[in-house]
Amino acid sequence: MIRIWDANVELKIDDRVHVIRNAREAVAFLKKYWPDKRSANYATAWKLCLDAASGVVPDAEARSAFEAAAKESGILHQP
């Protein structure tokens, strides 16, 4: 079962807004669309989102890590 996060994370790359609603979408985005710059925050987000998708860690923890990595990379969209 896919669990939806309490709040979406919006990312903006090349004038396109991506809406991430759960850990599985976050993992897919991290793999396919993430900018080339990958930091320790990226690695943390990757691990926690994978673990949340498997039900090992809370969704809120994964969402927070994903949002922090996006903010650091300059792609977090805050309308």
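A residue is called exposed when its relative accessible area is over 50%, and buried when that value is under 20%. The model on display is predicted.

**First stop: the loop before H1.** Select Asn22, in the loop that joins strand S2 (16-20) to helix H1 (23-32). Its relative accessible area is 4%, which is under the 20% limit, so Asn22 is buried. Display its side chain and look towards the beginning of H1. The side chain of Asn22 has a polar atom 3.0 Å from the backbone nitrogen of Arg24, and it also reaches the backbone nitrogen of Glu25, at 2.8 Å. Next, add Ile2, Arg3, Ile4 and Trp5 to the selection: Asn22 touches these residues, leaving aside those up to four places away in sequence.

**Second stop: helix H3.** Select residues 59-73, the 15 residues of H3. At 1.5 Å a residue the helix should span 21 Å, and its end C-alpha atoms are indeed 21 Å apart. Now colour Asp59, Ala62, Arg63, Ala65, Phe66, Ala69 and Ala70, which are buried in H3. Turn the view to look down the helix axis: the buried residues fall within an arc of 165 degrees, so they line one face of H3.

**Third stop: the two sides of H3.** Show strand S1 (9-13), S2, H1 and helix H2 (40-53), which are among the elements that cover the buried residues of H3. Then move to the face turned away from the buried side, where the exposed residues Ala60 and Lys71 are found.

**Last stop: the residue after H3.** Select Gly74, which follows H3 and has a positive phi, near 80 degrees.

How values were computed:
Residues are numbered from 1 along each chain as its sequence is written. This is a predicted model: local features need pLDDT of at least 70, side-chain atom pairs count only at pLDDT 80 or more; totals for chains, interfaces and linings use all residues. Side-chain values use heavy atoms; hydrogens and water are left out. Helices (H or I, at least four residues) and strands (E, at least two) are DSSP runs, numbered from the N terminus. Buried means under 20% relative accessible area, exposed over 50%, partly exposed in between (1.4 Å probe, protein chains only). A polar contact is a pair of N or O atoms within 3.5 Å; within protein, one must be able to donate a hydrogen and the other to accept it, and residues adjacent in sequence count only if both atoms are side-chain atoms. Contact means heavy atoms within 4.5 Å. The expected span of a helix is 1.5 Å times one less than its number of residues. The arc is that of the directions from the helix axis to the C-beta atoms.
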